[in-house]
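User: Please take a close look at one part of this model, the salt bridges and the places where they sit. I would like one connected account.

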Amino acid sequence: MQTEEQKDSPFPDKTALSRLANNVDQYVGLRIRERRQQRGVTQQELARALGISYQQVQKYENGTNRVSAGRLYILAQALDLTVSDFFEGFGTAVTQASLAVTSEDVVIAAKELNAVKDLRVRNSIRALVRILGNQINGSSQDPH
């Protein structure tokens, strides 16, 4: 039961503050994953850049472990971002499901595809992947 003083306080109670902090940790973790993947960086590569294990990167991305302010600054530098980029969209209608979640295989394949310098060859590989994906998903429609 709240006291009269707690009811009049402009600050949320401890439970609400704890819940908010956990939501922020999870959101920042998702943003770390999203930004890392957008840049084609694996968890192992990011871990090496930060001087930590890839398991620690996983814990940050899952929101299991809280990222300190100093570590967040180093993460931002490693991913060529600003610290505020990790909080972009927090408190809006952005949900966990709307953030891109991609497997490490996709990141590695994207890096390898990006290494192909001949644009025609790269486009042919992308077309092949589209066709194979359509066959796997049961669609026989032309992807164009």
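Analyst: In this predicted model, the side chains of R35 and E34 meet in a salt bridge with an N to O distance of 4.0 Å, and both R35 and E34 are buried. The pair belongs to a wider arrangement, since R31, E34, R35 and E88 are linked in a network of salt bridges, and a search of the whole structure finds eight salt bridges.

R35 itself is found in helix α2, where its relative accessible area of 12% places R35 among buried residues. Not counting residues up to four places away in sequence, R35 touches L79, L81, D85 and E88. The C-alpha atoms of R35 and F86 are 8.5 Å apart in space, although the two residues are 51 residues apart in sequence.

F86 also leads to A76, a residue of helix α5 (residues 69-78): the C-alpha atoms of A76 and F86 are separated by 8.2 Å, with the two residues 10 residues apart along the chain. A76 is buried, with a relative accessible area of 3%, and, leaving aside neighbours within four places in sequence, A76 is in contact with L81, T82, V83 and F86.

A second salt bridge joins the side chains of R36 and E61, at 2.5 Å from N to O; this pair links distant parts of the chain, with R36 in helix α2 and E61 in helix α4, 25 residues apart. Both R36 and E61 are buried. The two helices, α2 (residues 14-38) and α4 (residues 54-62), pack at an angle of about 120° with their axes 6 Å apart, and are therefore oblique to each other. Their contact is made by Q26, G29, L30, I32, R33 and R36 on the α2 side and by Y60, E61 and N62 on the α4 side, and the residues of this contact divide into three nonpolar, three polar and three charged.

R36 is also touched by T42, which is found in the loop between α2 and α3 (43-50) and is buried, with a relative accessible area of 9%. Not counting residues up to four places away in sequence, the contacts of T42 further include E104, V107 and I108.

A third salt bridge is formed by the side chains of K111 and E45, at 2.5 Å from N to O; K111 lies in helix α6 (residues 104-115) and E45 in helix α3, so the pair ties together parts that are 66 residues apart in sequence. K111 is partly exposed, with a relative accessible area of 33%, and E45 is likewise partly exposed, with a relative accessible area of 27%.

Note on methods
Residues are numbered from 1 along each chain as its sequence is written. This is a predicted model: local features need pLDDT of at least 70, side-chain atom pairs count only at pLDDT 80 or more; totals for chains, interfaces and linings use all residues. Side-chain values use heavy atoms; hydrogens and water are left out. Axes are lines fitted to C-alpha atoms, for helices over the stretch in contact, and angles run from 0 to 180 degrees between N-to-C directions. Helices (H or I, at least four residues) and strands (E, at least two) are DSSP runs, numbered from the N terminus. Angles under 35 degrees count as roughly parallel, over 145 as roughly antiparallel, 65 to 115 as roughly perpendicular and the rest as oblique. Contact means heavy atoms within 4.5 Å. Ala, Val, Leu, Ile, Met, Phe, Trp, Tyr, Cys and Pro count as nonpolar, Asp, Glu, Lys and Arg as charged, and the others, Gly among them, as polar. Buried means under 20% relative accessible area, exposed over 50%, partly exposed in between (1.4 Å probe, protein chains only).
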